[in-house]
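Biologist: Before I rely on this structure at the bench, could you show me how to read its features, one after another?
Modeller: Gladly; let us open it and begin with a helix.

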Amino acid sequence: MIKKVLLAIALICPMLLSAQTLKIGLVDFGSIFEVMPETTAARNQLKEVSDKYDAEYKKLGEEMNRLVEEYQKMAENELPAIKERKTRELSDYQQKVQQFEQNAMQDLNKMQSDLYGPIQQKIAQAIESVGREGNYSLIQMYDPQLVLYHAAPVEDVTPAVKAKLGVQ
């Protein structure tokens, strides 16, 4: 019985000692992302493309409105074949506008991913580097506005990551 107790103590002691050396860091990824110069350039590029899509969408909307007005002005006693052609034309154009909107959203989402991905990767590498240099067991992302409490062994490594990236 004593051997079992000693064996249990021998197994638990190293675990307790290693638990005491646990070093946890917190990083505000969003605040770092916001101050990166690459983020501003990417946002400007996205805005430029988005504005072009908006301008084209506005043109499509104006044409759609013209077609709707034309359809509404048609006399009730218009020939059925003409009404059917106008109805089909209106429906086809509506599908064209919806397809354009879908394609524009997909293009913008892909472009955002392509532009933001390398920035996020650069930040992740800096976090990893700070983690290795500071011997952190874990670095967790957090939003400072959502954190209600954290204990003393947890450190905010955001300034160290910003310094590693050379941003304020």
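Biologist: How many residues does helix H3 have, and what span does H3 reach from its first C-alpha to its last?
Modeller: Bear in mind that this is a predicted model. Helix H3, residues 37-73, has 37 residues and reaches 54 Å from its first C-alpha to its last, which is close to the 54 Å expected at 1.5 Å a residue.

Biologist: Which residues of H3 are buried, and what covers them?
Modeller: The buried residues of H3 are Thr39, Ala42, Leu46, Leu60, Met64 and Leu67, and what covers them includes helix H2 (29-35) and helix H4 (80-133).

Biologist: How should I read the sheet, and is the pairing parallel or antiparallel?
Modeller: In general, strands of a sheet pair through backbone hydrogen bonds, either parallel or antiparallel. Here three strands form an open sheet in the order E2-E1-E3, and the pairing is parallel. Strand E2 (138-141) and strand E3 (154-156) stand at the edges with a single partner strand each, so one side of each is left without a neighbour in the sheet. Direction ignored, neighbouring strands of this sheet are turned by 30 degrees against each other on average.

Biologist: How many bridges join strand E1 to E2?
Modeller: Four bridges join E1 (residues 24-27) to E2, and the bridge partner of Ile24 in E2 is Leu138.

Biologist: Where is empty space left, and which residues line the largest cavity?
Modeller: Rolling a probe the size of a water molecule over the atoms shows where empty space is left. The structure holds one cavity of 30 Å³ or more, and about 30 Å³ of space lies in the largest cavity. The lining consists of Leu67, Glu70, Tyr71, Lys86, Glu89 and Leu90, with H3 and H4 being the elements that give two or more residues to it.

Key
Residues are numbered from 1 along each chain as its sequence is written. This is a predicted model: local features need pLDDT of at least 70, side-chain atom pairs count only at pLDDT 80 or more; totals for chains, interfaces and linings use all residues. Side-chain values use heavy atoms; hydrogens and water are left out. The expected span of a helix is 1.5 Å times one less than its number of residues. Buried means under 20% relative accessible area, exposed over 50%, partly exposed in between (1.4 Å probe, protein chains only). Contact means heavy atoms within 4.5 Å. Two strands pair if DSSP finds at least two bridges between them. Axes are lines fitted to C-alpha atoms, for helices over the stretch in contact, and angles run from 0 to 180 degrees between N-to-C directions. On a 1 Å grid over the protein atoms alone, a cavity is a set of points where a 1.4 Å probe fits but cannot get out, and a pocket is an open set with protein on both sides within 12 Å along at least five of seven lines; lining residues have an atom within 4 Å of a point. Grid points are joined across faces, edges and corners, and a volume is the space filled by probe spheres set on the points.
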